[in-house]
Amino acid sequence: MSSAAESHNGAVEKDMGGIAPQQSTDGAPVHPQLTHEHEVARAAARFGYGPLAQVNTTEGLLRPFGGEFQPGLYKPVEGRKFGNPAPLGLCAFALTTFVLSAINMGAADITAPNIVVALAFGYGGLVQLLAGMWEMAVGNTFGATALSSYGGFWLSFAIVLTPGGFEIATELGGADTKNFNYSFGLFLMGWFIFTTILVFCTLKSTVAFFLLFFFLDITFLLLGIAYLQGGGTAANPKIAKAGGLFGLLAAFAAWYNALAGIADTSNSFFICPVIHFPWSPTGRSRRQSQKTDAEMA
């Protein structure tokens, strides 16, 4: 057989999943009749569909979405040469949210949130965005989506409020006009919808991790309503103050999760406890372990 024919047969064998073609009397390859089951299996292996590509989620304990963005749940990935970026992103989010929420609650009689612009650009925006990109590098899709998105939120928030910079508020008629309030209210309601999606992805994680996104979700909802109900003067002060309260809770929840991801036996005398939901994989595993220990006793 010529080298060209051997090369062709090798390619056919590789494509057919290792089944060698038969030879006819004249030396031309004749493909064997593939069964339906083999075709499905080959398609599942190559393209990710078919019965063999389906995963039975009731078998085994699957890792919840969030991975290492749920600090305290899992050890670092084996063989990785860089650290966990989640605490950095959480701290950037927490500090910026803390300052803005304190202003929304009327702390020290501050009436304008312009001081947040610097934090929103430098820490909550840039640093959190970088942390989100590193989450993508470690293979954590949830962490990358959440941190990068909220980094983008703070950057866009700073762009809107930059005095004399982008003139967005000026083009809308001013910061205390109906046009601006309604526009900013819609902006916040869009982030409420996005955060609600993330809340659903934390229902199999830890209580602290869930509360972070739950408090943040309520914050966006209340602030969005405050601006939409503010009319032509300013955001509704009572609803905005309630949004500030939940924002503070979200900030402290983020700091708690960050501390849980940073503190270990090498640098701390204590480890932050993380409470797992009873229906989470870790919660089910612990109950099963306790049941087994009780039966053995």
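Residues are called buried under 20% relative accessible area, exposed over 50%, and partly exposed in between, with a 1.4 Å probe and protein chains only as the basis. By this scale Leu126 is partly exposed, with a relative accessible area of 45%. The structure is a predicted model, in which local features need pLDDT of at least 70, side-chain atom pairs count only at pLDDT 80 or more, and totals for chains, interfaces and linings use all residues. Residues are numbered from 1 along each chain as its sequence is written, and side-chain values use heavy atoms, with hydrogens and water left out.

The protein contains ten helices and two strands. Both element types are DSSP runs numbered from the N terminus: helices are H or I runs of at least four residues, and strands are E runs of at least two. Along the sequence the order is α-β-β-α-α-α-α-α-α-α-α-α. The protein has 297 residues, of which 38% count as buried. Its exposed area is about 16700 Å², and carbon and sulfur atoms supply 65% of this. Accessible areas come from the Shrake-Rupley method with a 1.4 Å probe; for residues, only the protein chains shown count as cover. A contact means heavy atoms within 4.5 Å. Among contacts with a separation of 6 or more, 63% join residues 24 or more positions apart.

The largest nonpolar core has 43 residues, and Tyr150, Trp154, Phe157 and Phe213 touch the most other members. Two or more residues each come from helix 3 (86-104), helix 4 (116-137), helix 5 (141-161), helix 7 (178-200), helix 8 (207-228) and helix 9 (237-262). Helix 8 gives the most, with ten residues. A nonpolar core is here a set of buried Ala, Val, Leu, Ile, Met, Phe, Trp, Tyr and Cys residues joined through side-chain atoms within 4.5 Å.

Trp154 has a long list of partners. Residues up to four places away in sequence are not counted; Trp154 then touches Phe93, Thr96, Thr97, Leu100, Val116, Ala120, Gly124, Gly125 and Gln128. Thr96 belongs to helix 3. Thr96 is buried, at 0% relative accessibility. Its side chain reaches the backbone oxygen of Ala92 at 2.9 Å. Beyond neighbours within four places in sequence, Thr96 contacts Val116, Leu119, Ala120, Tyr123, Gly124 and Trp154.

Leu126 sits in helix 4. The C-alpha atoms of Leu126 and Gly151 are separated by 6.4 Å, although the two residues are 25 apart along the chain. With neighbours within four places left aside, Leu126 contacts Ala120, Phe121 and Leu155. Phe121 also takes part in a nonpolar surface patch of about 250 Å², together with Phe166 and Ile168. Patches are made of residues with over 30% relative accessible area and no salt bridge; like charges are joined within 9 Å, and nonpolar side chains (Val, Leu, Ile, Met, Phe, Trp, Tyr) within 5 Å. A salt bridge is a side-chain nitrogen of Lys or Arg within 4 Å of a carboxyl oxygen of Asp or Glu. Ile168 lies in helix 6 (residues 168-171). Its relative accessible area is 31%, so Ile168 is partly exposed.

Thr202 occupies the loop between helix 7 and helix 8. This loop residue is buried, with a relative accessible area of 0%. Apart from neighbours within four places in sequence, Thr202 contacts Phe142, Phe209, Phe210, Phe213 and Phe277. One of these, Phe213, is among the residues that touch the most other members of the core.

Ala253 is part of helix 9. It counts as buried at 11% relative accessibility. Outside its neighbours within four places, Ala253 contacts Ala208, Leu212 and Phe215. Ala253 and Phe215 are 38 residues apart along the chain, and their C-alpha atoms are separated by 8.4 Å.

Backbone angles were also examined in the loop between helix 3 and helix 4, where Ala108 is found. Most residues other than glycine have a negative phi. Ala108 has a positive phi, near 55°. Asp109, in the loop between helix 3 and helix 4, also has a positive phi near 55°. Ala108 is exposed, with a relative accessible area of 71%. Asp109 is exposed as well, at 69% relative accessibility.

How values were computed
A polar contact is a pair of N or O atoms within 3.5 Å; within protein, one must be able to donate a hydrogen and the other to accept it, and residues adjacent in sequence count only if both atoms are side-chain atoms.
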